[in-house]
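User: I would like a close look at a single part of this model, with its surroundings described afterwards. Please give the cut-offs behind each term.

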Amino acid sequence: MKNPEKYLLDIIDRHQPRQLKGQSARIIRLESELQSWAQDCFMGIHNSGSHARGTATSVSSNVKLLLLLSNACHRNAGGIRSSFESLHGFLIERYRDVKKHRVSLRLRLNGMDIDITPARMNLGETGLHTLYQVDDAKILETSILQHTDDAQAAARAAETKLIKIWFDQHGIQWPAIYVDYLVPTKLLANIKPEKDTLALNFMHMIRQLAKRDFNPLLEDFEDPANQENLLSELMSEQDKRTAIKAAQQALMARALDGVIEAG
């Protein structure tokens, strides 16, 4: 292959996330409605998820909004769970397709999924906020804002997108926040951004994923915002094993196009 760098960049380009320019008016209107619902609880709305972290692909292109609420919001009436359920009721009165999805409320707007995550700010200077995890009715403390800052500071967006695309090609389900940390802190932990190339980095990541011993996918990985949370638990054991096997098979390929498909 004459130019492996261009080959990989072309793959990233073909998997660009959906452009949001045409949706801006609808999103602004939605944000105004969210502020009206929150009233005195309103502390701000932030873009979050892969778009905000700069690692979105055509598969991980949902719009994600973090709705920050004051600590006093529903303090004596169920806390963040009550806020979550109240917001759900508010949205289903205004939008046809609203679903509860992990820590968010997902609505369909003009063919696009928008995830709204209500988060109750903690007291003090902890920087954490409280989320309601609807799947198991648990309370989760983390910082989505820190996740965004960390991913941007890591400057590994291209490599992260490639691993997500590679996972997709092998039918592997991947949690975006886990992969966004896995790439810079595990797969490329000892590689300095100013002294590398995309092609070398990509193959280095595949070799890391193929390891039979001390495989980074099989290690516990704590949430940097709150060490009580394990981001590694977000990816299933089966998907991790599938990724390891796929990486081991990829190392037998003779050229880069045998490792990751162009399409």
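Is Phe214 buried or exposed, and what is its relative accessible area?

Analyst: Phe214 is exposed, with a relative accessible area of 73%. Here buried means under 20% relative accessible area, exposed over 50%, and partly exposed in between, with a 1.4 Å probe and protein chains only. The model is predicted, so local features need pLDDT of at least 70 and side-chain atom pairs count only at pLDDT 80 or more, while totals for chains, interfaces and linings use all residues. Residues are numbered from 1 along each chain as its sequence is written, and side-chain values use heavy atoms, leaving out hydrogens and water.

Phe214 sits in the loop between α8 and β8 (222-223); helices (H or I, at least four residues) and strands (E, at least two) are DSSP runs numbered from the N terminus. Its phi is near 55 degrees, a positive value in a residue other than glycine. Ala155, in the loop between α5 (144-154) and α6, also has phi near 55 degrees, and it is exposed at 52% relative accessible area.

α8 (198-209) supplies at least two residues of the largest nonpolar core, as do α1 (4-14), α6 (157-169), α7 (176-187) and α9 (237-250). Such a core is a set of buried Ala, Val, Leu, Ile, Met, Phe, Trp, Tyr and Cys residues joined through side-chain atoms within 4.5 Å. This one has 39 residues, and Phe202 and Ile260 are among those with the most contacts inside it. α7 gives the most, with eight residues. Leaving aside neighbours within four places in sequence, Ile260 is in contact (heavy atoms within 4.5 Å) with residues including Phe202, Leu8 and Trp166.
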